[in-house]
Each structure stands twice: as structure tokens, then as C-alpha cells.
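Okay, let's get going. I'll put the model up, and then we'll walk through a few spots in it.

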Amino acid sequence: MKSIKIILTSLLLMFCLCAVTAQTIGGSNFSTDGWWNPSTTTFSPQVGKDGKVTFRLKAPHAKTVFVELGDWDIQEWKMKKDEQGIWSVVVDSLSPGIYQYHFKVDGLTMLDLENPRVKHGTSIYGNILETRGGAPLFDQTKDVPHGEVRILRYRATTLQKNRTVYVYVPPGYNEEGEAFPVLYLRHGGGDDEGSWIRDGRVADVLDNLLAERKAKPMLVVMTNGHTDGSWAGGSSKEGMDILEHELLNDVIPLVEERFHVHKSKKGRAIAGLSMGGGQAFVIGLRNMDKFNYIGQFSSGLLSDEKLNLSEYVPEWEYKKREINGLIKILWTSCGTKDPRYQGHLNFLKALDKEGIAYQSDEAPAGHEWAFWREQLAKFTVHLF
């Protein structure tokens, strides 16, 4: 009995001690007061109704801070520090659009940690800022019927590893009636299979075109274009062989099993940007019995004066005479500020010399997403 009393007394003392400790540390009651207030003003970047953008960074020990904005034509603004150690600058010269930016702190590149929207692929490049005008642009979200993006997993048999594929499914898609055509869209060397969705705004571009009846409903399939994470792995002859096998034997069968789509060349197109543009061009020309439309935007491979297509496309001397009759649209484009531009013009001359029909396009742009989103819109209106 005495032992029981001692135990009970000890437990009571422990309970009292814990209660006193709790009151001392955090108070006696938990409270959610203040949780229901509206969100405060965005710290950075703050986009005003007047179109002005305020960038802020808390760095009390920094000596110089700049904000650098743009994918190609980089703009730079020097920031000023206040008494609390917060650097800021107000920018009022931005046209509506989608931008990449980062901070430069004492010469070091730094992300804006207050902004979770980042541009990333094989690495992280910067933050994303979107500004709007009176009406959304062609690559911005509008109040129209929206499709959806599905992410599927598959086994890449040659690489012997699991991979993911992004599939844009248009609004109005159904499993009955006429089958839907498919655009197989490839990314660039610094990107991944999700880059065309995140940075290329495929869903917004196609949703808007479809709402305006400028394009036909289609699925867009986006896979990873790297074999080893490098540009060389996605552009070498060996890499092309691996990626071609993966597309034809792993990806297309998966898409045609899971979705109500065309299973012949009349309902297939292939296109890509930069590294993916070279892939699309080569794989498309190798398989003119499987694709009816081929497009490339800013391909470095095709702009190289040392390129010999016969090394990439077997029987090229024979196939080049077949292109005009087998390919409905051969699309090639490049920005005039891109270092690849002169090589692009030389490539067009080579096509002309061979009598190969094509459609070309250009714009005063560099090697950047603004140009590639525009090319996606221009190319897709000609499909199917």
C-alpha cells in the first residue's frame, strides 16, 4: 500500500510539473487567433494593377544586389537597401509576358526564395514572373474550356529504366467517334519531359487555339529526350538510335493503347526545339511512313555546317527525293538573334538545292522559350 501511495504521489508531481512547464513555455491554451486574416501583400515579386513590378530581397549584409531578367536579352536593375536590410527595386517597363529572373548578390546568382515558381530542367535556371495586360496573351491562361495533362510511366526497354511521359489531352476528348491525332513534341538539351508543360505552356497554347477554332483537337505527347543527361547523348547517332527505338517501340504503343488516337501516319506529327528539333527532324525523316508532319525550332544540329544528314538518315540520297511526296509539312525555324541563325539559313539553302519543299519561319528572338511557344502555336495550326 505504501508503494502505491508513493507511485501515485510521484505521478501527481510529474503531472503538475508538466502543466507548469507548458504554461511557462507556451501558455496554457493553443490559439489560432490571426489565422483567418486575408493573405498579406506578396513580398516578391509584387505585381501591381498598374503593371509595375516590385522585386525585394532580404540581405542585410550584402553590398550590391541586382535583379537580372530575361531568357536572352537580359535586363538588369540595381536594387537599394532600406534600414531593415531589405533590397528593392520597382520596374515599370515590362510588357505583358512570361519572364525568367534571378538576383545577383555580390556577384553571386541567387533565386528569389519568396517565389516558388522556378524554371528547371536538367538544372534550376531562375524564377518565373508572369505579367498580364488588358487581355491574356496566346500563351497565358484564358477563360476557355481546358484540357488536362496526364503523367504516365513506362519502361524504356533499350535504356532499361522507368521513364515518365506527359500527355496533353484536349477538352472534349472522348473514347468514341473519330480518333484523335497526336503531336510527339520533344524538348531541348537543358530541359526534361515536363518543360514543354511548365515553360512551353502547351496546355494554355492549345486550349486557346482550340477555343478560337484555329487548330484541330490533338493529343501532345512529351517524353524525355536524354539518354545520359547530356546534349551529346540526345544528339549523337547512337543517342538517336536509342531514342528512336524508345519512341517507336515503347511510347507510341503505350499512347495508342491508353488513348483513342490515330494509328497511322496521317494522324501523327513530330516536332521539337533545339536538341529536340534535331531529334524530331532525324527521327521523322527516318520514319516517313509513320509521320506526316515534321517540325524543328532552333536546332543546333541542323545549323552545324559540318552536318552530313546521310550519317543520321540511312539511304538519305534516296529518301531526300521522297520527302515532297511523303511529308505534308516540313517546318524549320530559328530566331534571328540566335547564334544558330546563319547556320539555319545555310540549311535552308541546302534544302533548296535538293528541291525539298519546306515552310520556314523566324522572329527577332534568341534561343528562348518566348520564340518556341510562338513556334508551337504557328506549327500546330497547320496540323491534321
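**Glu68, two pockets and the cores**

Let's start with one contact: the side chains of Glu68 and His102 are joined by a polar contact of 2.9 Å. Before anyone asks, yes, this is a predicted model.

So where does Glu68 sit? It's in strand β3, which covers residues 65-69. Buried or exposed, then? Glu68 is buried, because its relative accessible area is 15% and the cut-off for buried is under 20%. If you skip the neighbours within four places in sequence, the residues in contact with Glu68 are Ile74, Gln75, Glu76, Gln100, Tyr101, His102 and Lys104. Also, look across to Gly126: that residue is 58 along the chain from Glu68, and their C-alpha atoms are 9.7 Å apart.

Okay, pockets. The largest one comes out at about 610 Å³. Its lining has 28 residues, and nearest the centre you'll find Ile98, Tyr99, Glu368, Ala370 and Arg373. Two elements each put two or more residues into that lining, β7 (97-105) and α12 (369-380). Which one gives the most? That's α12, with five residues. As for the chemistry, the lining splits into 14 nonpolar, five polar and nine charged residues.

Now the second largest pocket, with about 370 Å³ of space. Here 19 residues do the lining, and Leu307, Leu309, Asn346, Phe347 and Ala350 are closest to the centre. The elements giving two or more residues are α7 (300-303), α8 (309-312), α9 (316-319) and α11 (341-354). Of these, α11 has the largest share, seven residues. By type, this lining has eight nonpolar, five polar and six charged residues.

Last stop, the nonpolar cores. As a reminder, in soluble globular proteins nonpolar side chains tend to be buried together. In this model, the largest nonpolar core has 43 residues, and the ones touching the most other members are Tyr184, Phe259 and Leu285. Helix α5, residues 237-258, is the top contributor to this core, with seven residues.

What does Leu285 touch, leaving out residues up to four places away in sequence? The list is Ile294, Val313, Trp316, Lys319, Ile323 and Leu330. Then there's another core lying apart from the largest one, with 31 residues, including Tyr166, Ile329, Trp369 and Leu376.

That's my tour, thanks.

Terms used. Residues numbered from 1 in each chain as written. Predicted model: local features only at pLDDT ≥ 70, side-chain atom pairs only at ≥ 80, totals over all residues. Heavy atoms only, no water. Helix = DSSP H or I, 4+ residues; strand = E, 2+ residues; numbered from the N terminus. Buried < 20%, exposed > 50% of the residue type's maximum accessible area, 1.4 Å probe, protein only. Contact = heavy atoms within 4.5 Å. Polar contact = N/O pair within 3.5 Å; in protein donor to acceptor, adjacent residues only side chain to side chain. 1 Å grid on protein atoms, 1.4 Å probe; cavity = no way out; pocket = protein on both sides within 12 Å on 5 of 7 lines; lining within 4 Å. Points joined across faces, edges and corners; volume = space filled by probe spheres on them. Nonpolar A, V, L, I, M, F, W, Y, C, P; charged D, E, K, R; others polar. Core = buried A, V, L, I, M, F, W, Y, C linked by side-chain atoms within 4.5 Å.
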